[in-house]
Amino acid sequence: MGDFDNKEREEVFSKKVRAGKRTYFFDVKATRSNDYYITITESKKRFEDGAFIKHKIFLYKEDFEKFAEGLNEVVDYIKAHQEVVEKRYEPGFESNGVGVAEDLDAKDGFAY
């Protein structure tokens, strides 16, 4: 079994979420023993040179509940203390903020 076969078997499910200037990838992967885990990748294009900067965390199934509790707690805190307004970034505009529009139809709900 070659490396290609291992990589194909490893990714089980993927969800791509575009959020303003960033894109998030939620990937379900499998270990060699077929245990599932999640990788969460943030990808943002650097305007200086067009390169993509990526940050990744690995979340294992034994940590799902505590991770979800912690995430919900901090999101609820922010919602309680500041207004959460989703921004919509229009393609083709400069990175200096021109072309950024508030999405008045956006829901402030957070789901994952």
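This report describes the fold of one protein chain, its strand pairing and a few selected residues.

**Overall architecture**

The model is predicted. The chain contains 2 helices and 6 strands, and from the N terminus on its elements follow the order α-β-β-β-β-α-β-β. Of the 112 residues in the chain, 12% are buried. The accessible surface of the chain amounts to about 9,300 Å², and carbon and sulfur atoms account for 51% of that surface. Among contacts between residues at least 6 apart in sequence, 19% join residues at least 24 apart.

**Strand pairing**

Strands 1 to 4 are linked in succession by antiparallel pairings, as the table sets out.

| Strand pair | Direction | Bridges | Residues between the strands | Residue with positive phi |
|---|---|---|---|---|
| Strand 1 and strand 2 | antiparallel | 8 bridges | 2 residues | glycine 20, about 65 degrees |
| Strand 2 and strand 3 | antiparallel | 9 bridges | 5 residues | asparagine 34, about 70 degrees |
| Strand 3 and strand 4 | antiparallel | 9 bridges | 6 residues | glycine 50, near 80 degrees |

Strand 1 covers residues 11–19, strand 2 covers 22–30, strand 3 covers residues 36–45, and strand 4 covers residues 52–60. Individual bridge partners show how these strands align. Lysine 16 is matched with phenylalanine 25 in strand 2. Phenylalanine 26 has isoleucine 40 in strand 3 as its bridge partner, while aspartate 27 is partnered by threonine 39, also in strand 3. Strand 3 thus takes part in two of the pairings, as it is joined to strand 2 by 9 bridges and to strand 4 by 9 bridges.

**The turn at asparagine 34**

Asparagine 34 lies in the loop between strand 2 and strand 3, and these strands form a hairpin. Its phi is positive, at about 70 degrees, although the residue is not a glycine. Most residues other than glycine have a negative phi. With a relative accessibility of 47%, asparagine 34 counts as partly exposed, because the value falls between the limits of 20% and 50%.

**Two positions in strand 3**

Serine 43 is located in strand 3, and its bridge partner in strand 4 is lysine 54. This serine counts as buried because its relative accessibility is 8%, which is under 20%. Leaving aside residues up to four places away in sequence, serine 43 touches Lys21, Arg22, Thr23, Phe25, Phe52, Ile53 and Lys54.

Tyrosine 36 also belongs to strand 3. At 41% relative accessibility, tyrosine 36 counts as partly exposed. Together with Val12 and Phe13, Tyr36 forms a nonpolar patch on the surface. The accessible area of the three residues together is about 300 Å².

**Aromatic rings**

The structure holds 2 aromatic pairs. Ring pairs connect Tyr37, Phe58 and Tyr60 into a cluster. Tyr37 falls within the range of strand 3, residues 36–45, whereas Phe58 and Tyr60 fall within that of strand 4, residues 52–60.

**Summary**

In brief, antiparallel pairing joins strand 1 to strand 2, strand 2 to strand 3 and strand 3 to strand 4. Within strand 3, serine 43 is buried and tyrosine 36 is partly exposed. In the loop before strand 3, asparagine 34 has a positive phi.

Conventions: Residues numbered from 1 in each chain as written. Predicted model: local features only at pLDDT ≥ 70, side-chain atom pairs only at ≥ 80, totals over all residues. Heavy atoms only, no water. Helix = DSSP H or I, 4+ residues; strand = E, 2+ residues; numbered from the N terminus. Buried < 20%, exposed > 50% of the residue type's maximum accessible area, 1.4 Å probe, protein only. Contact = heavy atoms within 4.5 Å. Patch = residues over 30% accessible without salt bridge, like charges linked within 9 Å, V, L, I, M, F, W, Y side chains within 5 Å. Areas by Shrake-Rupley, 256 points an atom, 1.4 Å probe, with all protein chains shown as cover. Salt bridge = Lys/Arg side-chain N within 4 Å of Asp/Glu carboxyl O. Phe/Tyr/Trp six-rings, centres within 6.5 Å; stacked < 30°, edge-to-face > 60°. Pairing = 2+ DSSP bridges.
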